[in-house]
Amino acid sequence: MKNILLILIILCVSCTPQKEKNYRIGQKSLILVDASRNRSLATEIWYPTLDVGIDKKENKKALFKTIKTIKNASVLTKKFPLLVVSHGTGGNRFSLTWFIEKMVKEGYVVVSLDHYGNSTFNKIPREFVKWWERAIDIQFVLTNVLKQDEIGEIIDTSRIGGVGFSLGGYTNIALAGGYVDREIKKNEDDKTRAMPNEFPETDEIIDFENDSLIVLSYHRYKDHVKDERMKAFFTMAPAIGFGFHTKEQTNKITAPVFIVAGKGDTVAPVASNAEVYHDLIKTSEIHLFNTNVGHYVFLNESTEFGKKVAPLITVDNPEVDRKEIHKETLKLAVDFFNKNL
């Protein structure tokens with residue numbers, strides 16, 4: 001009798017669907033060149049793999065903690081949804097690896113890129129105010145990633161979403177169909193358009209309101225920012241709220257948009273950014289962390305070295321645990337994309 005019960009238990013276990021192995025993170029690096037705009041876009045592709053990698057030595061001079069990945073790992077033969085990540089002003093394609101790591105392990109392919117002229121190691125003053133061209137960067141990279149051998153074949157093109165932080169948050173709202181107004185209003189506070197801390201030092205004098213290259217770019221690309229291929233958008237501490245005044249600017253947004261920010265944000269204050277977007281976008285949801293939570297909490301966790309040399313972007317309010325904010329944000333993101341992609 002005992003033997004019969006044991007056989008039944010074994011058969012029952014074998015019939016029960018087994019949980020798939022935890023995905024590890026494959027990583028491929030590309031340089032994509034948009035010849036039409038003379039823009040080189042460094043791009044990372046992060047994807048689920050079952051390969052086993054070798055632990056890397058930690059860089060003691062790194063500002064932020066890194067994640068474990070396997071370079072050029074084998075690609076699984078199944079379809080995955082895709083997320084495209086846009087970094088903040090002066091950031092880079094590695095700025096949100098805490099977010100990327102979780103989403104790949106959840107079964108997403110994730111693509112991140114360095115926006116031309118507005119990234120950590122490539123700073124060009126004019127590119128810091130040509131916000132709308134970031135959406136064109138994303139479109140170009142997305143088109144080319146979908147053409148890649150192996151990677152392009154595993155992406156479910158009906159399930160593509162966007163993720164962005166700060167200026168990357170605005171970038172995603174543009175990709176959703178939001179059209180920014182770059183003109184300064186008569187009653188606008190001068191402080192709303194102060195150049196960010198990441199703005200490069202330059203001896204060049206640029207009239208940002210009337211510069212012909214900036215104005216030409218705006219009129220050429222401002223009506224081409226929406227990408228119909230992208231079906232849902234998750235934005236963290238979105239900036240450029242000063243450029244949105246009416247629902248007409250967001251009436252082409254039909255995809256769901258999730259906005260998360262901290263009430264203690266002094267870089268992109270929620271009253272003039274996150275809450276403005278939420279009021280204007282009919283498809284939006286919003287989650288606000290408390291007044292202790294600032295802007296840069298959405299960057300990667302810092303190393304001790306990073307806290308010493310770059311406290312502005314690495315040190316949070318003593319009441320805030322960046323890792324915990326990340327956990328809460330990731331839960332919101334996973335729920336949002338599971339529901340909408």
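This briefing covers the sheet, the helices packed on it, and a few loop residues. The model is predicted. At its heart is an open sheet of nine strands with mixed pairing. Helix α3 lies across five strands, β1, β2, β4, β5 and β8. Helix α10 packs on the sheet too, touching β4, β8, β9, β10 and β11.

**The sheet**

- The strand order is β3-β1-β2-β5-β4-β8-β9-β10-β11.
- The edges are β3 (70-71) and β11, each of which pairs on one side only.
- Strands β2 (residues 39-49) and β5 (residues 109-113) are antiparallel and share four bridges. Within this pair, Glu44 has Ser112 of β5 as its bridge partner.
- Strand β9 (residues 232-236) runs parallel to β10, with four bridges between them. Here Phe233 is bridged to Val257 in β10.
- On to β11 (residues 284-289), β10 makes six bridges, again in a parallel pairing. Ala261 has Leu288 of β11 as its partner.

**Strand β10**

- Six of the six residues of β10 (residues 257-262) are buried, so the strand is largely enclosed by the rest of the structure.
- In a regular strand, side chains alternate between the two faces of the sheet.
- Val257, Ile259 and Ala261 point one way from β10. Phe258, Val260 and Gly262 point the other way. Both sets are buried.

**Helices on the sheet**

- α3 runs at about 50 degrees to β2.
- The direction of α10 makes about 165 degrees with that of β9.

**Helix α2 against helix α10**

- Two packed helices are described by the angle between their axes and the distance between the axes.
- For α2 (residues 97-105) and α10 (residues 322-340), the axes come within 11 Å and cross at roughly 45 degrees. That crossing makes α2 oblique to α10.
- The crossing of α2 past α10 is right-handed.
- From α2, the contact uses Trp98, Phe99, Lys102 and Met103. From α10, it uses His326, Thr329, Leu330, Ala333, Val334 and Phe337.
- By type, the residues of this α2 and α10 contact are seven nonpolar, two polar and one charged.
- An α-helix has 3.6 residues a turn, so residues three or four places apart point the same way.

**Helix α3 against helix α5**

- The axes of α3 (residues 133-146) and α5 (residues 167-176) come within 9 Å and cross at roughly 70 degrees. That makes α3 roughly perpendicular to α5.
- α3 contributes Arg134, Ala135, Ile138 and Gln139 to the contact. They meet Leu167, Gly168, Thr171, Ala174 and Leu175 of α5.
- The residues of this α3 and α5 contact divide into five nonpolar, three polar and one charged.

**Helix α5 and its ends**

- 10 of the 10 residues of α5 are buried, so the helix is largely enclosed by the rest of the structure. Among them are Gly169, Tyr170, Asn172 and Ile173.
- Ser166 sits in the loop between β8 and α5. Its phi is near 60 degrees, a positive value in a residue other than glycine.
- Ser166 counts as buried because its relative accessibility is 8%, under the 20% limit.
- Just after α5, Gly177 takes a positive phi of about 125 degrees.

**Ser119 and Phe94**

- Ser119 belongs to strand β6 (residues 118-119). At 3% relative accessibility, Ser119 counts as buried.
- Beyond its neighbours within four places in sequence, Ser119 contacts His87, Gly90, Gly91 and Asp114.
- Phe94 lies in the loop between β4 and α2. Phe94 counts as partly exposed, at 33% relative accessibility.
- Not counting residues up to four places away in sequence, Phe94 touches Gln27, Glu44, Trp46 and Asn300. Glu44 is also the residue whose bridge partner in β5 is Ser112.
- Phe94 and Ser119 are 25 residues apart in sequence. Their C-alpha atoms are 11 Å apart in space.

**Asn72**

- Asn72 is in the loop between β3 and β4.
- Asn72 has a positive phi of about 55 degrees although it is not a glycine.
- Asn72 is exposed, with a relative accessible area of 53%.

Definitions and conventions
Residues numbered from 1 in each chain as written. Predicted model: local features only at pLDDT ≥ 70, side-chain atom pairs only at ≥ 80, totals over all residues. Heavy atoms only, no water. Axes fitted to C-alpha atoms, helices over the stretch in contact; angles between N-to-C directions. Helix = DSSP H or I, 4+ residues; strand = E, 2+ residues; numbered from the N terminus. Parallel < 35°, antiparallel > 145°, perpendicular 65-115°, else oblique. Left-handed = near helix turned anticlockwise from the far one by under 90°. Contact = heavy atoms within 4.5 Å. Nonpolar A, V, L, I, M, F, W, Y, C, P; charged D, E, K, R; others polar. Buried < 20%, exposed > 50% of the residue type's maximum accessible area, 1.4 Å probe, protein only. Pairing = 2+ DSSP bridges.
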